Amino acid sequence: MSDSIDQVQVDYILEELKSKTQTGYSVEAAVAQLLRAPWGTPPEAELNTAIDKFRHQAKIIVEYDTAESFTREHETGDWYTGPENHHIFWPHLKKGLLEKIGDEKAVDEVDEASSKVVASLRPSGTSKFDTKGLVLGYVQSGKTTNFLSVMAKAADVGYRFFIVLTGITESLRKQTQERINSQLIPDNPNSASNPSWYRLTDAQNDFKGTQSATQQNAAALLGKTEFRVLAVVKKNVSVLKKLNDFIASAGIHADNCPILIIDDEADQASISVSKDPDSDPSAINKQIRKILSNRKTAYVAYTATPFANILVNPNTHDDIFPSDFIHVLPKPKGYFGTEDIFGVNSPYGEDFIESDGLDMIRRIPEDEKDALRPPAKKNGKTPDWDPYIPSSLTAAVRWFVMATAARRAREDNAHCSMLIHTAMLTDAHYETQKLLKPVINRLKLDFRGNPEPWISQWEAESSAVEASLFDNPSHAFDEISGFIPQVFDDLKIIVDNSKSDERLEYSDSEPSTVIVIGANTLSRGLTLEGLICSYFVRNATAYDTLLQMGRWFGFRNGYQDLPRIWLTEDLETWFEKLSLVELDMRQDFSMYERERITPRDFLPLIRLTPGIDVTNRAKQQNITTANVSFNRQRIQTILFNHQDRDWLQHNIDATKRLTQSLGDVKCPHTNKSNGTVVFHHVPNENILEFLRDYKIQEDAILGKHSSQALIDYIEKERDSGSILEWSISFFGKTPSKNADDTKTIDLGLPNPLPLVTRSQMRNSKAKIANIKSLVGSNDRLNDIDLNSAERKAIEKKIDEDGRKREAILVQAHENFMGPNVGHLAIYAIDKDSQASAKKTKTGEPPVRKDLNAVEHIIGFGIFFPKSNRPKGSVEYACVIDIEEDTRERIRDAQEEDIHAVYED
């Protein structure tokens with residue numbers, strides 16, 4: 001900056017620009033006003049410097065780098081530059097967050113993420129606006145903190161009426177109201193000395209409309225710029241109708257009042273489920289649309305399960321489709337999500353995330369899953385049911401008592417909860433409570449007289465997930481046993497459902513130790529404080545239902561090693577698949593940020609999984625399917641029928657037939673020092689014939705039709721000229737110095753192939769080994785002979801940005817092999833592969849176990865090159881077919897990302 005620039009003038013002009021843009025002016029209009037100011041035209045150099053500085057600050061907010069979000073420029077231009085020193089509401093909230101969280105960096109992340117949402121709204125001074133967006137968080141992950149921050153910042157820049165739509169239960173509405181009261185609103189908010197906030201609801205009362213005096217005050221409340229009016233309301237037709245009547249009674253004052261609607265748990269009740277939602281919406285949706293019909297409204301949906309929201313018809317302009325923006329909140333530090341607990345292995349996408357998950361899942365035996373789950377009605381009648389407490393639930397309760405005692409041994413005397421979720425029917429909840437009471441009494445006696453089962457379980461579980469992993473103190477059983485009698489004395493069993501007189505409530509003054517039994521009232525928004533143990537057998541048939549029922553997701557600071565979840569085999573499988581669905585969706589949304597287009601321009605996609613719905617069928621009336629290409633992707637087989645000798649031998653023979661065919665067409669080959677054999681210039685037909693021959697385990701890649709899907713895709717790539725030829729790598733183990741120690745298999749190659757080792761997951765299904773991951777992170781490049789300098793150059797790029805590892809490998813392969821060469825990788829797995837030598841005190845591996853196959857296993861991975869076609873073979877759900885030109889823009893953006901990582 002030149003020394004001649006007057007910095008005081010620059011700062012003054014900058015503040016004027018911020019003030020005017022935050023009340024509705026575009027940058028150009030604000031500058032025009034400054035040029036007409038009665039005190040004279042600002043100097044050109046200072047004006048240009050201030051404009052540049054303003055645009056830079058606004059851009060930082062809009063492009064806040066989460067790599068997982070999207071926003072668009074407003075017609076008025078970038079306008080929000082973040083909190084200012086003179087603001088009132090955000091500084092108050094931030095101070096409270098710092099006191100509560102105690103982590104300045106975490107609060108800074110909340111600050112940045114919420115500013116990004118506010119920047120996606122319209123300036124409050126704009127004469128008319130209708131903004132709709134969605135914020136995607138994680139289950140129990142801080143969504144409320146984000147929307148409180150958005151409300152505070154919006155209040156600072158002129159939004160005046162705040163409507164928070166909670167779930168459908170009064171308990172959740174009350175919980176939300178209390179949190180807003182304690183964090184957002186200062187003490188005595190309606191006093192003469194601090195008149196800023198006016199609450200139309202409180203913890204005891206939802207909005208009452210004409211039953212209160214507020215009806216007559218609507219014009220005064222919505223017409224005064226110094227007021228910030230707040231209503232926290234249930235999604236209830238009667239309540240919403242009264243609220244709409246209240247707004248209507250304000251007349252022109254409502255037209256001029258900027259309204260921010262926060263829809264918490266936005267996928268519940270807000271979506272129209274009528275047979276014709278476009279012209280005849282269901283009752284709650286109709287009332288929400290009426291609120292949105294006001295002249296100046298911004299609607300922000302918050303949810304961890306957005307499946308129903310992004311399947312709303314985007315062409316119904318008065319509905320709640322998030323047409324303007326979608327933001328993904330970054331995963332908070334210390335949060336336990338699906339991938340942490342269930343693990344995730346993504347065979348698609350630019351960034352591969354592979355994790356076995358923590359050893360926290362305990363299997364409910366098949367013969368116990370119906371012990372507390374009443375049978376379905378037959379011919380209108382409920383069959384006889386003889387419920388009992390199964391041994392798995394007894395073990396779960398025993399663990400809950402010990403884990404609570406361990407927290408007390410750590411001087412952590414906060415709330416401790418256990419969830420039992422077995423059925424929808426309320427009568428079943430009370431039956432479970434009745435049966436559980438004597439079991440707890442018996443456990444209390446057993447602890448005194450026969451502590452062996454307690455000691456054995458404690459040692460096994462504390463070895464399965466070691467406390468040291470999270471820097472928590474480890475305890476021998478003797479160190480926790482002294483706390484167990486008091487845990488029993490404090491323990492309560494509560495049923496929380498629609499019929500309950502006693503509800504789940506936590507007091508700040510008295511920590512609760514509680515086992516809560518319920519269903520829907522516990523699976524939507526309501527936080528289970530200190531949840532340690534979950535016992536779960538209820539069936540679910542939709543993505544969103546499953547995720548919302550999983551209340552074990554969240555923060556477990558100080559006891560990250562203690563949570564345990566008892567599940568049926570089917571539910572565990574669904575949650576494992578959901579971890580990939582979630583990851584895929586978040587990566588998809590990151591594409592919007594790079595492409596800078598709205599969800600209306602490129603409709604969000606949801607990966608489909610055979611056997612389970614995306615959401616409630618009434619909410620997916622606009623659903624259709626789209627296909628996404630294998631362009632530059634890798635896939636791999638990870639499931640094997642390891643106890644079926646004929647199945648395994650067939651795949652060995654299929655591989656031998658492949659090697660025979662390679663000799664027939666005289667493909668050149670090389671033996672590499674890492675134990676692999678690589679064939680080059682392999683025709684497409686040899687690959688296709690192998691895939692037609694090889695038996696893929698059902699659901700191993702893409703479900704029941706996975707083999708045919710791959711074949712169809714490769715044939716189309718061949719016909720379009722995208723894939724001209726292939727390399728094939730036969731992966732073997734690097735030979736040891738003692739050749740006698742190396743186990744091999746004869747696959748018809750010039751020499752026997754050394755076997756690789758892959759253990760199976762401990763929770764693999766019976767007779768189906770799940771190895772979680774087959775291919776190595778750098779295996780894509782195995783068909784290239786890299787010298788030392790070339791290898792180091794690639795490794796250096798990966799070290800500089802590990803998030804783009806796969807993009808770097810893809811580009812390296814294309815640089816050396818050309819853009820039209822596919823790569824098939826064959827792995828021969830030793831049937832006697834052993835898990836890690838690290839054992840628990842009970843002798844079992846914590847997460848994996850030995851393979852124990854009856855014959856050696858052949859698995860394969862495919863590294864696809866660039867595709868010239870937009871259509872592919874992975875099926876997704878969306879609301880309409882995606883236009884060809886939009887797909888082209890997305891493909892171009894992906895390619896730019898890949899090329900960018902190789903630019904100096």
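**Exercise 1. Contacts and overall make-up**

Work out what share of the contacts with a separation of 6 or more joins residues 24 or more positions apart.

*Solution.* Start with the cut-off: a contact means heavy atoms within 4.5 Å. Among the contacts in the protein with a separation of 6 or more, 80% are between residues 24 or more positions apart. Before going on, keep in mind that this is a predicted model, in which local features need pLDDT of at least 70 and side-chain atom pairs count only at pLDDT 80 or more, while totals for chains, interfaces and linings use all residues. Residues are numbered from 1 along each chain as its sequence is written, and side-chain values use heavy atoms, with hydrogens and water left out.

Next, take the secondary structure, where helices (H or I, at least four residues) and strands (E, at least two) are DSSP runs numbered from the N terminus. The protein has 25 helices and 32 strands.

Finish with the surface. Of the 904 residues, 57% are buried; here buried means under 20% relative accessible area, exposed over 50%, and partly exposed in between (1.4 Å probe, protein chains only). The protein exposes about 37,500 Å², with 47% of it supplied by carbon and sulfur atoms. Such areas come from the Shrake-Rupley method with a 1.4 Å probe, and for residues only the protein chains shown count as cover.

**Exercise 2. The nonpolar cores**

Find which residues touch the most other members of the largest nonpolar core.

*Solution.* A nonpolar core is a set of buried Ala, Val, Leu, Ile, Met, Phe, Trp, Tyr and Cys residues joined through side-chain atoms within 4.5 Å. The largest one holds 55 residues, and Phe161, Ile163, Val233, Leu243 and Phe246 touch the most other members. Helix α19 (residues 569-595) gives the most to this core, with 6 residues.

Now zoom in on Val233. Not counting residues up to four places away in sequence, the residues that Val233 touches include Ile163, Leu165, Phe207 and Leu243, and also Arg173 and Asp206.

Then look for a second, separate core: this one has 53 residues, including Ile771, Ile829, Leu851 and Phe864.

**Exercise 3. Following the parallel strands**

Trace which strands pair with β15 (residues 531-536).

*Solution.* Two strands pair if DSSP finds at least two bridges between them. One partner is β12 (residues 416-421), which pairs with β15 in the parallel sense over 5 bridges. Along this pairing, Ser417 stands opposite Leu531 in β15. Another partner is β17 (residues 564-567), joined to β15 by 4 bridges and also running parallel. There, Phe536 has Leu567 of β17 as its bridge partner. As for burial, 6 of the 6 residues of β15 are buried, so the strand is largely enclosed by the rest of the structure.

For a further parallel pair, turn to β1 (residues 129-136) and β7, which share 4 bridges. Leu136 has Val328 in β7 as its bridge partner. Strand β7 (residues 325-328) points Phe325 and His327 one way and Ile326 and Val328 the other, and all are buried.

**Exercise 4. A polar contact in a loop**

Identify the side chain with which the side chain of Asn472 makes a polar contact.

*Solution.* First locate Asn472: the loop between α15 (452-464) and α16 (477-481). With 12% relative accessibility, Asn472 counts as buried. Its side chain makes a polar contact with the side chain of Asp561, at 3.1 Å. The term stands for a pair of N or O atoms within 3.5 Å; within protein, one must be able to donate a hydrogen and the other to accept it, and residues adjacent in sequence count only if both atoms are side-chain atoms. Leaving aside neighbours within four places in sequence, Asn472 also has Arg410, Gly558 and Tyr559 among its contacts.

**Exercise 5. Positive phi**

Decide where Lys666 and Asn852 lie, and whether they are buried or exposed.

*Solution.* Most residues other than glycine have a negative phi. Lys666, not a glycine, has a positive phi of about 55 degrees. Lys666 sits in the loop between α20 (645-664) and β22 (669-671) and is exposed, with a relative accessible area of 70%. Asn852 likewise has a positive phi of about 55 degrees. Asn852 belongs to the loop between β30 (848-849) and β31 (857-863) and is exposed at 52%.
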